[in-house]
Amino acid sequence: MPSPAAVDQFPHRHLLGIEGLVPAEITYLLDRADSYVAQNRKVDKKLGLLRGRTQINLFFEASTRTRTSFELAGKRLGADVINMSVEGSSIKKGETLIDTAMTLNAMRPDVLVVRHPESGAVALLAQKVDCAVINGGDGSHEHPTQALLDALTIKRRKGHLDGLVVAICGDILHSRVARSNIQLLGIMGAQIRVVAPPTLLPPAADRLGVEVHHDMREGLAGCDIVMMLRLQSERMHGAFVPSLREYFRFYGLDAEKLAAAKPDALVLHPGPMNRGVEIDTDLADDIDRSAIAEQVEMGVAVRMACLETLAARS
Ligand code: NCD
C-alpha cells in the first residue's frame, strides 16, 4: 500500500486528463516515473507492488505503443493484465459503452485503462465503475500519460521544464497529445508555441494560452523543444491540406527548418510517425537530435508510476 503521504501527494481517484492537476502532483508522478527508468533497465524488471491487482486495458481505438506500454507497465509491477480490444468484444454485437463498463466492473478490476474515439467517453465510463480509470486517449481531448512521458523525456534531457520554449507543430486540431501537452507544459511554466496551417488549428487557438504561428521558421526560432504531431487523417472529414507533398514542404520538419531552433533543440514525436509527411526520415532517426525512442522508453516508466499511484490504493 502507498503511504498516506502518497495519497496526499496525488489525491485523485482517476487520471482522466492533465487539466486540473497542480505542479506538485505532476512532479510527484514524474519523480516516481524517473525512479522506474533504472528498474526497467535491469535484467530482472519485475516488482510485486501490484501483486493480486487486476488491470484491464480496454481499447476502442487502434494502438501499438500505448497499449503495449500499459501492458508491460502493469506486468512489471506484478499485476494481472487483461487486454480487450473492440474487434473481439461485444461492442461489435451492439453493446453500449456503459454496459461494457458495468460488465467489466462486475469482475472487480482494480484499474481500467481506456482508449476511446469520442472525447469525454472515458470520463463518462469512470462515473460508472468502482475502480480507478486511466485515460489512454479520448478522441481529440486528452492523452495524459503521453504528456507525462513527453515531460519526463524533456526533464531528463534539459533538467527542468519551466522557462523552456516548446514549439508544438502540425495537426493541433485533432491532437489529444497537443491538448494534454499544452496543459502540462503550461502548468509547469514552459512557454508554448503552436505552429500549424490555419486549417489545422482549433478555433480561438490564441485563447489556449499559447503563441500561434503559421510559419515553421518563425515558430521554431530559438526554441528548446520541437514537438511534431502526426497528421491524423482518420479524424479528418474532407481535405485539410492541399497535398502531403506540399504539407511536408511547409510544415514537415527537416534539418533546414530545425536550424531555426536552438542548436541543442530536442525533437519529439509521439508516434506513429508519417515519415516524409510531418518529419524527414533521416532526422527522425538522428539520435543526436531526436528523442523519439527515448519517449517510448519513458512511456513504460510513466505508466508504472500512474498505475502504482492509482491501483495500489484501490
Ligand atoms: C498518439 C495518440 O494515439 O493520440 N499516439 C500515441 O499514443 N503514441 C498520437 C497519434 O495517434 O498520432
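Biologist: How many cavities of 30 Å³ or more does the structure hold?

Modeller: This is a predicted model, where local features need pLDDT of at least 70, side-chain atom pairs count only at pLDDT 80 or more, and totals for chains, interfaces and linings use all residues. Residues are numbered from 1 along each chain as its sequence is written, and side-chain values use heavy atoms, leaving out hydrogens and water. A cavity is a set of points on a 1 Å grid over the protein atoms alone where a 1.4 Å probe fits but cannot get out, with lining residues having an atom within 4 Å of a point. At 30 Å³ or more, the number of cavities is one.

Biologist: Which element gives the most to the lining of the largest cavity?

Modeller: The largest cavity holds about 70 Å³ of space (the volume filled by probe spheres set on the points). Its lining includes Arg65, Thr66, Gln146, Leu149, Ile292 and Arg303. Two or more lining residues come from each of α3, α6 (144–158) and α12 (292–311), helices being DSSP runs of H or I with at least four residues and strands runs of E with at least two. With four residues, the one that gives the most is α12.

Biologist: How much space lies in the largest pocket?

Modeller: A pocket is an open set of grid points with protein on both sides within 12 Å along at least five of seven lines. The largest pocket is lined by 20 residues, and Arg115, Arg176, Arg230, Gly271 and Pro272 lie nearest its centre. Among the elements, α3 and α7 give two or more residues to this lining. The space in the largest pocket is about 360 Å³.

Biologist: Which elements each supply at least two residues of the shell around the ligand?

Modeller: The ligand takes up the space of the largest pocket (more than half of its atoms lie within 2 Å of the grid points). Around the ligand, with a heavy atom within 4 Å of it, are residues including Arg65, Thr66, His143, Arg176, Val177 and Pro270. Supplying at least two shell residues each are α3 (65–76) and α7 (176–187).

Biologist: What share of the ligand's exposed area does the protein bury?

Modeller: Let's look at polar contacts, pairs of N or O atoms within 3.5 Å. Polar side-chain atoms of Arg176 and Arg230 each lie 2.7 Å from an oxygen atom of the ligand, and one of Gln232 lies 3.4 Å from a ligand oxygen. Taken alone, the ligand exposes 320 Å² (Shrake-Rupley method, 1.4 Å probe), and the share buried by the protein is 95%.

Biologist: Where does Pro272 lie?

Modeller: Pro272 is one of the residues around the ligand. The peptide bond leading from Gly271 to Pro272 is cis, with omega near -5 degrees. Most peptide bonds are trans. Pro272 lies in the loop between β9 (266–268) and α11 (281–284).

Biologist: What is the phi of Arg108 near?

Modeller: Arg108 has its place in the loop between α4 (97–106) and β3 (111–116). Most residues other than glycine have a negative phi. For Arg108, phi is positive, near 60 degrees.

Definitions and conventions: Polar contact = N/O pair within 3.5 Å; in protein donor to acceptor, adjacent residues only side chain to side chain.
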